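The following exercises concern a single protein chain. Please examine its sequence and its model before attempting them.

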Amino acid sequence: MTRVLLRVVFVGALPAVLVTVWWVASAGSKDVYWPPLRTILEAFPDVWTAERLRADVLPSVLRLTGGYASAAVVGVALGTVIGSYRRVRAVCEPVLEFLRAVPPPVLVPVIMLFAGIGDTMKATVIASGCVWPVLLNTVEGVRAVDPVLAETARSYGITGVARLRKVVLRSASPQIFAGLRQALSIGIILMVISEMFAASNGLGFTIVQFQRGFAIPDMWTGILVLGLLGFVLSVLFQLVERRVLGWYHGLRASARRSP
């Protein structure tokens with residue numbers, strides 16, 4: 001119980017300090033673009049009603065989920081193939097390096113030409129940016145599979161799908177999840193950017209509408225909602241990661257305890 005309480009204190013200490021500093025620093029502000037935190041918090045319940053959450057936040061989350069899930073599937077699948085075969089890696093590496101260097105926001109106008117301005121375009125933009133950290137981390141994770149472990153599995157007749165699941169993906173899973181974690185933050189950024197280009201709802205669209213209407217406190221509430229969304233998604237990701245990689249964290253804990 002004491003450890004849990006200490007952990008809560010450690011986690012909440014820095015946010016509490018930052019909010020306090022923001023509150024004090026902005027308390028006497030007369031700048032229209034930098035309203036007091038008190039004003040922003042007072043506007044929050046009036047702006048983000050249940051109806052607005054359903055109309056703007058839910059579509060954003062669904063777009064993010066679709067793009068992120070697509071990137072995860074494609075990234076892991078392609079990364080496993082590229083990481084497993086040296087010749088495939090040699091052929092694909094120049095193209096991958098070229099495509100990775102292209103910033104995803106630059107592709108938004110191009111993607112709009114092919115996918116229109118609907119949810120498909122926004123999910124595609126998100127997927128186009130999220131796929132790279134997943135793919136590249138998967139490639140490196142598959143390449144780093146212990147050759148002794150791989151040879152032992154082959155000696156015991158573990159081949160095909162069983163080898164892929166039990167040996168390759170299991171060994172590469174820590175790096176795959178590292179790529180998925182990076183992709184999550186990229187996906188949130190691209191979700192907002194794609195909704196700023198062409199949308200009739202969503203967090204990015206709403207924040208821009210508030211800014212254009214000079215509803216500055218309302219705009220700041222949208223930024224707070226975006227930050228809270230990122231925090232919630234990060235916590236959910238950590239819960240999934242700890243469950244899936246429980247064996248890995250257990251090995252690391254054992255290694256730290258051993259002399």
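The exercises below proceed from the overall fold to helix packing, a buried helix and salt bridges.

The model is predicted, so local features need pLDDT of at least 70 and side-chain atom pairs count only at pLDDT 80 or more, whereas totals for chains, interfaces and linings use all residues. Residues are numbered from 1 along each chain as its sequence is written, and side-chain values use heavy atoms, with hydrogens and water left out.

**Exercise 1. Describe the overall architecture of the protein.**

Step 1. Assign the secondary structure. Helices (H or I, at least four residues) and strands (E, at least two) are DSSP runs, numbered from the N terminus. The protein has 11 helices and zero strands.

Step 2. Determine the extent. The C-alpha trace spans about 70 × 55 × 30 Å along its principal axes.

Step 3. Assess burial. A residue is buried under 20% relative accessible area, exposed over 50% and partly exposed in between, for a 1.4 Å probe and protein chains only. Of the 259 residues, 36% count as buried.

Step 4. Examine the contacts, which are heavy atoms within 4.5 Å. Among contacts between residues at least 6 apart in sequence, 75% join residues at least 24 apart.

**Exercise 2. Characterise the packing of H8 against H6 and against H7.**

Step 1. Select the descriptors. Two packed helices are described by the angle between their axes and the distance between the axes. Axes are lines fitted to C-alpha atoms, for helices over the stretch in contact, and angles run from 0 to 180 degrees between N-to-C directions.

Step 2. Apply them to H6 and H8. These helices pack at about 155 degrees, with axes 7 Å apart. The two are therefore roughly antiparallel; angles under 35 degrees count as roughly parallel, over 145 as roughly antiparallel, 65 to 115 as roughly perpendicular and the rest as oblique.

Step 3. Classify the residues of this contact. There are 16 nonpolar, nine polar and three charged residues between H6 and H8. Here Ala, Val, Leu, Ile, Met, Phe, Trp, Tyr, Cys and Pro count as nonpolar, Asp, Glu, Lys and Arg as charged, and the others, Gly among them, as polar.

Step 4. Repeat the analysis for H7 (residues 147–155) and H8. Their angle is about 175 degrees and their axes lie 11 Å apart. That makes H7 roughly antiparallel to H8.

Step 5. Identify the partners. Leu149, Ala150, Ala153 and Arg154 in H7 meet Arg163, Val167 and Ser171 in H8. By class, this contact holds four nonpolar, one polar and two charged residues.

**Exercise 3. Which residues of helix H9 are buried, and what covers them?**

Step 1. List the buried positions of H9 (residues 203–212). They are Leu203, Gly204, Thr206, Ile207, Val208 and Phe210.

Step 2. Identify the cover. It includes helix H2 (37–47), H3, H8 and helix H10 (216–244).

Step 3. Inspect what follows the helix. Phe214 comes after H9 and has a positive phi, near 55 degrees.

**Exercise 4. How many salt bridges are there, and which network includes Arg63?**

Step 1. Apply the criterion. A salt bridge is a side-chain nitrogen of Lys or Arg within 4 Å of a carboxyl oxygen of Asp or Glu. By this rule the count is seven.

Step 2. Take a pair within one helix. Glu51 and Arg54 form a salt bridge at 2.4 Å, N to O. Both belong to helix H3 (residues 50–84), and being three residues apart there they are separated by about one helical turn. Glu51 is partly exposed at 48% relative accessibility, and Arg54 is partly exposed at 49%.

Step 3. Turn to Arg63, which is buried at 7%. The side chains of Arg63 and Asp119 meet in a salt bridge of 2.8 Å, N to O. Arg63 lies in helix H3 and Asp119 in helix H6 (residues 119–143), so this pair ties together parts 56 residues apart in sequence. Asp119 is partly exposed, at 47%.

Step 4. Add the second partner. Arg63 also forms a salt bridge with Glu195, at 2.8 Å, N to O. This pair links helix H3 to helix H8 (residues 160–197) across 132 residues. Glu195 is buried, with 1% relative accessibility.

Step 5. Combine the pairs. Through shared partners, Arg63, Asp119 and Glu195 are joined into one network.
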